[in-house]
Amino acid sequence: MYWLTTKNAVVLIPRWRSLSFLITPHLHRHFSPSAPSPLIRQSERVFCFKERKLYTKPIKKHKQSKISLEDKDYAHVIWWKERIQLCRKPSSVVLVQRLSFSNLLGVDATLRNGSLKEGTLNWEILQFKSKFPREVLLCRVGEFYEAIGVDACILVEYAGLNPFGGLRSDSIPRAGCPVVNLRQTLDDLTRNGFSVCIVEEVQGPAQARTRKSRFISGHAHPGSPYVFGLVGDDHDLDFPDPMPVVGISRSAKGYCMVTVFETMKTYSVEDNLTEEALVTKLRTCRCHHLFLHTSLRNNSSGTCRWGEYGEGGLLWGECSARQFEWFDGNAVDELLYKVKDLYGLEDDIAFRNVTVAPESRPSPLHLGTATQIGALPTEGIPCLLKVLLPSNCTGLPVMFVRDLLLNPPAYEIASTIQEACKRMSNITCSIPDFTCVPPAKLVKLLESRETNHIEFYKIKNVLDDILQLNSNSELDEILKLLMDPTWVSTGLKVEQETLVNECKSVSNRIGEIISLDGVNDQKPSSYAVIPNEFFEDMESSWKGRVKRIHLEEEYTEVDEAAKALSTAIEEDFLPIISRIRATTAPLGGPKGEILYSREQEAVWFKGKRFTPSVWAGTAGEEQIKQLRPAFDSKGKKVGEEWFTTVKVDNALTRYHEAGSKARMKVLELLRGLSTELQAKINILVFASMLLVIAKALFGHVSEGRRRKWVFPTLTQSHSSEDIDILRGSEGMKITGLSPYWFDANQGGAVVNNVDMKSLFLLTGPNGGGKSSLLRSICAAALLGICGFMVPAQSATIPHFDSIMLHMKSYDSPADGKSSFQVEMSEIRSIITRATSKSLVLIDEICRGTETAKGTCIAGSIIETLDSISCLGIVSTHLHGIFDLPLRRKNTVFKSMGAEFIENRTMPTWKLMDGICKESLAFETAQREGVPEELIHRAEELYVSVYAKESKLNGFASPKVVNKSEKQVCLNEVKNAVISICLKRLSDYYKKINGNVLEPSEMRFVLIGAKEQPPPSTIGASSVYIILRPDRKLYVGETDDLQGRVRAHRLKEGMQNATFLYFLVPGKSMACQLETLLINQLPDEGFQLTNLADGKHRNFGTSDFVETEMSAR
């Protein structure tokens, strides 16, 4: 037997099951704090740590049960050593040097506090550690949670805690946190990928010189927080997104991904995945553990060959950046086995298969497609998710929409979603708030019996929202439509009648137990002689949580105890207070009052100098004689000024016992309700997910209507069996398509009409809108096949079996691949997956290699796609492709339009028939600030070699203006501003009062050096141009011209700058004109210093603002 280790994996050859599982069978799911639980079973023995008695019990024999304890621990020790080597903090590095990896804790028994003898706390911790060897173990010791050895180093490194005892070299590593900081410590550890096992003490008095019994109270995993004790809290718990255990294997159909959620007790299997689709899923799924099946070894994926440990390829690059382990055997069975081992689950725990049959379901999005349309947030790419939902719609609805985009639904589900959205768009009644509770949170709290009154109230709101949908005829139709999408999301098939009946039953049951808002019959006790804060603190932990009818006996006991306490304080303390108040002394007289000691949870007398110097039998003397010093729960004197009496102490004890009994009754009722609802978990999960979907779709409809989007006509995909039918009746037709990132309410976009019944070969200039058109078509098609609204005036969209967008490629040094190699890898995936029902969009094909051969490869790709008869667009600047003898039947030539105006070629951003060979390369380079000399030389070289090809549709290649020779003249600036802004202002005034603005009516005002604008500019919107001393211009807009001029002139070299301004009607018009001038003055030959300000106004392009689209 040999252990092989790598940077990211620990591998045992030959393969056995997890040895820790073989030696240590699983724990029970729930532990009772009232009695010590069996914590480790070896062979046929069970130890109970408190009594340390030995019991015998037959247990199930697992495979390879003869493996020695050393073998069992070795893999875990190696696993921890790898993580310890990543420690970088100076304090944790010092602690690491004192570790000894001779046991799971890493404790050196020769150091101080390092004894592992049976009966010691360290030995007890080691037994717990052996149950969950790959979890950080925190053990409750008094008011702290402590960790030793390896776990202490992890706490110091990742939770920011200080080691106990400093960095003394003679002691084992020890660290911990106070009880009140446990949640923060657990968050820090799980955020860094660690699982934590928490050991609690059995609360209550213990015999002298005996250690309290301890039990494993729960675990905290990434995506699954620690919930022990939450039932008694009065606040909500933030619940992170659940993190699954993921297994990846290779099958005859492609790649297979098995996803297991321990919290939900569910798993799903997705087969027939491409490498790119699989990587997309990994990118969107933060998994707790990743397992790679041995079927991935020595296997060609088309772009790489996995070696013994895997090497190269997109998938390997993704996996190698993560921690993973190998496994083999049946992928599903083995992964479920490992999950039970990792989480300490019993063998009989069942996991539910939530896989929905993938028939007629489109392929998941490839990574490139998802990133290039912003379905996955990507820097520089407009985020599709942000425009689909209102800004206040966050959390679970956003996750649902994202998952739906990445995994488009079948045609029937998409049609159902669209029909639901249409009905949502037309309803006239009010709608529920749609309470969203994470299903994983709901399941974990109910199964652990830690659901508090706040969570029950939320659960009831979920059920009541379902009942509200059912009670209204308009909303009931939507409820019916949402049943199937919820089935796909949860894997649960529930009939609507069953859902409604169960929701009604459970809602009523919760209402019978839980005290709801508005019920005001459980106010804290109140007595004049006792501070109100005392009763509020003591009774807030149980009052107002369940209905009083269930606690009448406990209420009576608490009320009687509170009254007895008040009586005792009145009899023992008030006479002393009255005596003190009756005593007059100018300085240094007696003082005393009845106060609440929050730390000791007591009401005592606090005073000084109240003892009489001569006992004369006056009022209050008898009570003073009864006073005695107050002591805390540990028998320590609280202070010199705190006093109590036997009667008051007895009354306090009685009150606390009554309150404790009431609190335990409340917890019993809450836990009992959790137990009842465990049988209804599937209904609750279904209802919760249905509301998430409803909220997401209502939010999408609201945002779509605001953006003036439309519902497309969704058709069944065309078939390759009859191309004539395809050409005659099917295809994709979108009228008035606009970029999805453009808000129609902010102005008119340059819209395009797309009538696609075949493959388009698209040409056009740089900045002409090719890339934006491809993104827009891809987003519209994806939204359509998901049942969403699309950014267009009308649309007919086939239900594609896959949508694939390839935009640009970068090199991958980790895999040793150039950008062209990466591009070819993606093209290979597209070609092999494309069918006649696919939409294929490829931008600027073969840009990364030698032109002639790249052109021929591009031509061959076009021929292949043409023969497949898919719909799509291939854009290119390789104009030599039109000289190739292409074999094509269905490919048509399209171009992005360009116009030749005043000796300059300008893009129109309109899709049109034909070929466009003008690239506008020189103009683009010039606009981006490339040095004039370089561009001028490039023009000379171009003319010398390509002069005969420099015309486009009869127009000569535009001459570049040498702006360095142009003098910035005041009149030239005025004329340029008028020519740029006049049309926009004229349209505005014509719309307002029917008049057309003449050029002479634009009134310019010059502000020379040492001049200021007049007061009339205050509060008025204006556009101004600075004529800088360096002959460059600066364009801006403001409502405070005086302040803006003053600010500009404070800058170095700007003291004598000249300003030219004109007033405009409103801030919005000023912003529009500023953008126009910034984008178009450079085309008039002027140099601007703030060109970048013109790029952030809109990502899309308006009809009025002729500027290139930002995303290319």
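Two rings of Phe, Tyr or Trp (for Trp, its six-membered ring) count as a pair if their centres lie within 6.5 Å, and planes under 30 degrees apart make the pair stacked, over 60 edge-to-face, and the rest tilted. By that yardstick, the structure holds 24 aromatic pairs. This is a predicted model, so local features need pLDDT of at least 70 and side-chain atom pairs count only at pLDDT 80 or more, while totals for chains, interfaces and linings use all residues. Residues are numbered from 1 along each chain as its sequence is written, and side-chain values use heavy atoms, with hydrogens and water left out.

**Confidence**

- The protein chain has a mean pLDDT of 81 (pLDDT being the predictor's confidence in each residue, from 0 to 100), and 83% of its residues reach 70 or more.
- Residues 300–305 stay under 50 in pLDDT, and the model gives them 16 contacts beyond four places in sequence; a contact here means heavy atoms within 4.5 Å.
- The pLDDT is also below 50 over residues 948–968, a stretch with 44 contacts in the model beyond near neighbours in sequence.

**Aromatic pairs and a cluster**

- A pair of aromatic rings is described by the distance of the centres and the angle of the planes.
- For W604 and W642, the ring centres are 6.0 Å apart and the planes sit at 70 degrees, so this pair is edge-to-face.
- That pair links distant parts of the chain, 38 residues apart: W604 is in strand β18 (residues 602–608) and W642 in strand β20 (residues 642–644). Helices (H or I, at least four residues) and strands (E, at least two) are DSSP runs, numbered from the N terminus.
- W604 counts as buried at 4% relative accessibility, and W642 counts as buried at 14%. The cut-offs are under 20% relative accessible area for buried, over 50% for exposed, and in between for partly exposed (1.4 Å probe, protein chains only).
- Y1024 and Y1034 have ring centres 6.4 Å apart and planes at 25 degrees, so they are stacked.
- Y1024 lies in strand β34 and Y1034 in strand β35, so this pair ties together parts that are ten residues apart in sequence.
- Y1024 is buried at 0% relative accessibility, whereas Y1034 is partly exposed with a relative accessible area of 21%.
- Y527, F534, F535, Y596 and Y655 form one aromatic cluster.

**Charges over rings**

- K493 lies over the face of W487, at 4.3 Å from the ring centre. To qualify, NZ of Lys or CZ of Arg has to be within 6 Å of the ring centre and within 35 degrees of the ring normal.
- R548 sits over the face of Y555, at 4.1 Å from the ring centre.

**Helix α17**

- Helix α17 (residues 496–513) has 18 residues, which at 1.5 Å a residue should span 26 Å, and its end C-alpha atoms are indeed 26 Å apart. The expected span is 1.5 Å times one less than the number of residues.
- The buried residues in α17 are Q496, L499, V500, C503, V506, S507, I510, G511 and I513.
- They cover an arc of only 160 degrees around the axis, which puts them on the same side of α17; the arc is that of the directions from the helix axis to the C-beta atoms.
- What covers these buried residues includes α15 (453–471), α16 (473–490), α22 (646–677) and α23 (681–706).

**Helix α32**

- The 14 residues of α32 (residues 1067–1080) should span 20 Å at 1.5 Å a residue, which agrees with the 20 Å between its end C-alpha atoms.
- Ten of those 14 residues are buried, so α32 is largely enclosed by the rest of the structure; among them are M1069, A1070, L1073 and L1077.
- The buried residues of α32 pack against α30 (970–993), β34 (1018–1027), β35 (1033–1040) and β36 (1058–1063).

**A buried lysine**

- K441 is in helix α14 (residues 439–447) and is buried, with a relative accessible area of 5%.
- Neighbours within four places in sequence aside, K441 is in contact with D236, L237, F239, E455 and K458.

**Positive phi outside glycine**

- E601 is not a glycine, yet its phi is near 55 degrees.
- E601 is in the loop between β17 (591–597) and β18 and is partly exposed, with a relative accessible area of 39%.
- S869 also has a positive phi, of about 70 degrees, although it is not a glycine.
- S869 is found in the loop between α27 (851–868) and β28 (871–875), and is buried at a relative accessible area of 9%.
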